[in-house]
Amino acid sequence: MRPRVFCGIAAAVALFATGCSSGGDGSGDTTNGGGSAQASAAGAFPVKVADCAGKETTVARAPRRIVTTDAAGLEMLLQLGAGDRVIGTGFPPGKGSLPAAVAEQGAKVPVLGDTLIPKEKLLGSGADLYVDTFGPMPMMGAAGAGPTEEELKAVGMQHVLLLSTACASGPKAAAGPRTDLTGVAEDVRRLGAVTGTAARAEELVAAMDKQINEVKNATAAVPEAQRPGYFLFDFDAGTKQPMAVCGKQIANAVITLAGARNVFSDCDADFRPVSWEDVVAKNPDWIQLAVRNRGSEDANRKAFDEAEAFLKGFPATQGLKAVQEGHFLRIGSEVTTIAGIRNADTVRQIAATVHPTLVKNGQ
């Protein structure tokens, strides 16, 4: 949930709504990623958390009033059982986009900004913890600067970043593409430690690990050269110029873990505009029709139908292997490109489609 986009707030809104965010730390599996939030025991305080540069902040006690930048942090907090302490969010989740178990509670969270929360509103919210998916966004100028650490401290608000998204494309980012969900698991553990829900965090990470390890084991014998090429078609980002998910986007990790090859994994970014000629040159075996949740099954089906019809009718894409063979996956943007616990479900869903003899969905 976090935009690294190219032309101001309008583009940020468009791409965030389709799930603009970045991935893990690029090494290992989720079981190896719990080191940046430290507490002596589950639910114990104080807890130390680090920012993208490694600077530590000490959280002395469990927060009582939390604000999140967007639906990524909100969903994690809801699933951790800390949703009753969230007093506001920016970039609210679309109708139908949250898991059913937490959707009702999530819908009651006040919206402080339809996109980024205005700085004055954030500082005046009365929150004691700010969960930030983005970090500074220089490409958005003053609108993306956010409050300074001094301003947050002055109103008694501590600042915790989701490192898997806020730090994935900055100067301190790990080299190479994201190929696992370690960073996502670490963020779940960090928020669990900070909110006193560490035991629940471990349950959530364990469930992610189980899904991912089952898929990895099932597809381990498939040579890299035989893994199908995969293109995520971000339909809501527009059809005039496709927006590729690159190596540093969380979707690259999801696709890789599913036993496929993101055809744009070699671009050193999270998102990047490409040309249809670029897509044609990659000639993917499978295309994900990534649309954001419209709020109902009928509306979602219509959006998927429109995305598929475009690819079948557009001269540049009619001859693609995936289009000719009808190799489309109807999987929403949010669960693929937004860092969260449901990324593991998407790994299995993709794997069950591209490797149907090896992986079964829902098992």
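I started with what counts as a pair: two strands pair if DSSP finds at least two bridges between them. I keep in mind that this is a predicted model.

**Entry: the sheet**

With that rule in hand, I looked up the strand order and found an open sheet of four strands, running β10-β8-β12-β13 with parallel pairing. I then checked the edges: β10 (261–262) and β13 (328–329) each have a single partner strand, so one side of each is left without a neighbour in the sheet.

Next I asked myself how many bridges join β8 and β10. Strand β8, residues 229–234, meets β10 in the parallel sense over two bridges. I picked out one residue to follow on screen: Tyr 230 has Asn 262 in β10 as its bridge partner.

I also wanted to know which strands helix α14 touches. Helix α14 (residues 343–354) packs on the sheet and is in contact with β8, β12 (286–290) and β13. I noted an angle of about 140 degrees between the direction of α14 and that of β12.

**Entry: the second largest pocket**

I moved on to the second largest pocket, which has a volume of about 390 Å³. I found 22 residues lining this pocket, and those nearest its centre are Asn 293, Asn 300, Ile 331, Gly 332 and Val 335.

Which helix gives the most to the lining? That is α11, with four residues. I also noted that α11 (297–313), α13 (334–337) and α14 each supply at least two lining residues. So α14 turned up in both of my entries, packing on the sheet and supplying part of the pocket lining.

Last, I sorted the lining by residue type: seven are nonpolar, eight polar and seven charged.

Note on methods
Residues numbered from 1 in each chain as written. Predicted model: local features only at pLDDT ≥ 70, side-chain atom pairs only at ≥ 80, totals over all residues. Heavy atoms only, no water. Contact = heavy atoms within 4.5 Å. Axes fitted to C-alpha atoms, helices over the stretch in contact; angles between N-to-C directions. 1 Å grid on protein atoms, 1.4 Å probe; cavity = no way out; pocket = protein on both sides within 12 Å on 5 of 7 lines; lining within 4 Å. Points joined across faces, edges and corners; volume = space filled by probe spheres on them. Nonpolar A, V, L, I, M, F, W, Y, C, P; charged D, E, K, R; others polar.
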